[in-house]
Amino acid sequence: MHHSAAGALDALLGRPGEEHGAFRPADLAGLDEREEFPAAACGVLDAFGLNDHYVPAAFGGELRDYTDLMQLLRTVARRDLTVAVAHGKTFLGAAPVWVAGGADQAAALGALIADGAVVSWGLTERAHGSDLLAGELSATPENAGWRLNGEKWLINNATRGGFICVLARTDPAGGPRGFSLFLVDKRGLAADAYSCPPKIPTHGIRGADISGIAFHDALIPGSALVGEVGTGIETVLKALQLTRTASTALSLGAGDTALRLGVDYARNRRLYGRTLGDLPRVRRIIGEVYAAQLLAEATGLVAARSVHALPGEMSVVSAVAKALIPDLAQNVLDRVAELLGVRSFLTQEYADGLFAKLERDHRVVAIFDGNTAVNRNALIDQFPLLAAAYRRGRCDEAGVTAATSLSVPSTEFTAGGLSLLAMRGSSLMQSLPAAVARIAEQAERGLLPRQVVVLAEEVEAAADALHTEFAELRRTPQDVPPTAFVLAERYELCFAATACLQLWLNNPQPAGDAQSPTIWRNALWLQATLRTALTRLGSPLEEAGAEAYDRLAEHAFGPAVPTLRSTSDGSTSDGSTSDGSPLDGATSGSSTPDGATSDRATSGSSTSDGATSDGSLPDDSTTDDSTPDGETAGSTS
């Protein structure tokens, strides 16, 4: 029995090795090699009804909770990023209509999408990229309609899609009020009114329809206008708060699969008379990778729930999520590539080339819907607001609680709550001092290891210093110092760490209960994720503090890798595990006063330089799998 759409979809698509026919890795790799669109896989998603979940319930669809949408897209992305990008683009293309369209327009589009319509989003132009205010595609009023002229370039599904939401210049002078959005129905255009260039070859997502569209005096009806004339830029910026948040599901799914592949390889690869996973250095890497994935998941879950709980702050939350989560996921992929060695480059011989394709495909996630620099610049623009609000110390406590309480249903989302600026700052960040105090109280009561308090206080100190630097930064819109982008990256990490603290506090597990989710026991996941954030913030990693990674790795080597939504019976609140396989809910190990458990690694001890107890390193230097050219399975050099 599946308690959610994501659980049902996970079961339909199948476990690794038992995939649905349209999702077999070898077949998808073949399509990728031939640069063919994954039509069969997208057809399976259509038949499942995934399109319905791109449409808000208010407009006839099934989208009631953005966390559910994230889990659905994450489920698809675990199997194949090209399919997830190709199919999920319809939500991105329709989002402006959900934000600013009239009720009749939105309901009509919702019905079309439910019936299989593909919608794309025409924002970028060949000469201007992310500089939307420089866009040249124009819309000129004519009688009761508009004439479109110009080109949009590098548009996902521009050729296949029957509809495209186009940003057009409606005032020749341009400016923030000089652009409008139009939902163009290509079916109603004259044959010579538009043209699509050939598919543009790409490094990753090779099968996706990445092309463009040019309009040649195309006449569209007045009803195609989305919102009011001149509100296009504002609508785009608000819609991006939703799409950037949803698109982080692609990185979470990629991280899930990379971690699974890394664990499988470490479990099955034999070196020195034992498995690679028995080597302490390798287990440490797995633990570090797992912690980074959990940190990304925590940030994503809070971001998705904030759409409902803190909509007025999504200009900050979405920018944090879109900048940080792909970066963390890419780190997961990079570290797993270290473990796989040359196998990470193989396109057929190892795991049907799944990792090599995954690594290529994922790089695009950090680019579309605003690249990392664009999102960090969006944060930089709000540094003064964030600094002032943090200094005042007030926050929406109810909103923070709702955003971080995973078992509480989300409230209904209304687009009217979105704002271009977070005028009250970030409630999550402003809740940090109170969260640290609650963590300290739990430790005093013996509910948490003292080490968690130390880590939480380090996060608070980093956040205090960071907001002081925000207030002292001097910049103009045309002159953003490079140091500002470093500050934005540090803010993302402080935000993510605070999300972890609040998730811990607002999702209590039975203390000492052997049936509680294993990574929650003794705040293991919390220790590991806080340590990950602090290490990336520049805090030195001492061996004693790194033991959380070793203990976390133990859980990665179970039948499935638990996620933050895992329950003791191996399911998640969406009915699935990170790879679709059952979890046995192993609960071995009893707690000790310092929070350690007896389920720590027993395969050997690691040294400060990463060597194993016998002085060897897991570099495959003595493996019998050397190839004729001297390359080894654990080396990429």
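In this predicted model, the side chains of D256 and R74 form a salt bridge, with 2.7 Å from N to O. D256 belongs to helix α7, which spans residues 232-268, while R74 belongs to helix α4, residues 66-79, so the pair ties together parts that are 182 residues apart in sequence.

Both partners can be placed by their accessibility. D256 has a relative accessible area of 5% and is therefore buried, because the cut-off for that class is under 20%. R74 is also buried, at 1% relative accessibility.

The D256 and R74 pair does not stand alone. A network of salt bridges links D10, R74, R78, R79, D256 and E297. Across the structure there are 29 salt bridges.

Two further pairs can be set beside this one. In one of them, the side chains of R187 and D185 meet at 2.9 Å, N to O. R187 is exposed, with a relative accessible area of 59%, since exposed residues are those over 50%. Its partner D185 counts as partly exposed, at 26% relative accessibility.

The other pair joins E36 and R34, whose side chains form a salt bridge with an N to O distance of 2.9 Å. E36 has a relative accessible area of 35%, so E36 is classed as partly exposed.

Taken by accessibility, then, D256 is buried and so is R74, whereas R187 is exposed and D185 is partly exposed, as is E36.

Technical notes:
Residues are numbered from 1 along each chain as its sequence is written. This is a predicted model: local features need pLDDT of at least 70, side-chain atom pairs count only at pLDDT 80 or more; totals for chains, interfaces and linings use all residues. Side-chain values use heavy atoms; hydrogens and water are left out. A salt bridge is a side-chain nitrogen of Lys or Arg within 4 Å of a carboxyl oxygen of Asp or Glu. Buried means under 20% relative accessible area, exposed over 50%, partly exposed in between (1.4 Å probe, protein chains only). Helices (H or I, at least four residues) and strands (E, at least two) are DSSP runs, numbered from the N terminus.
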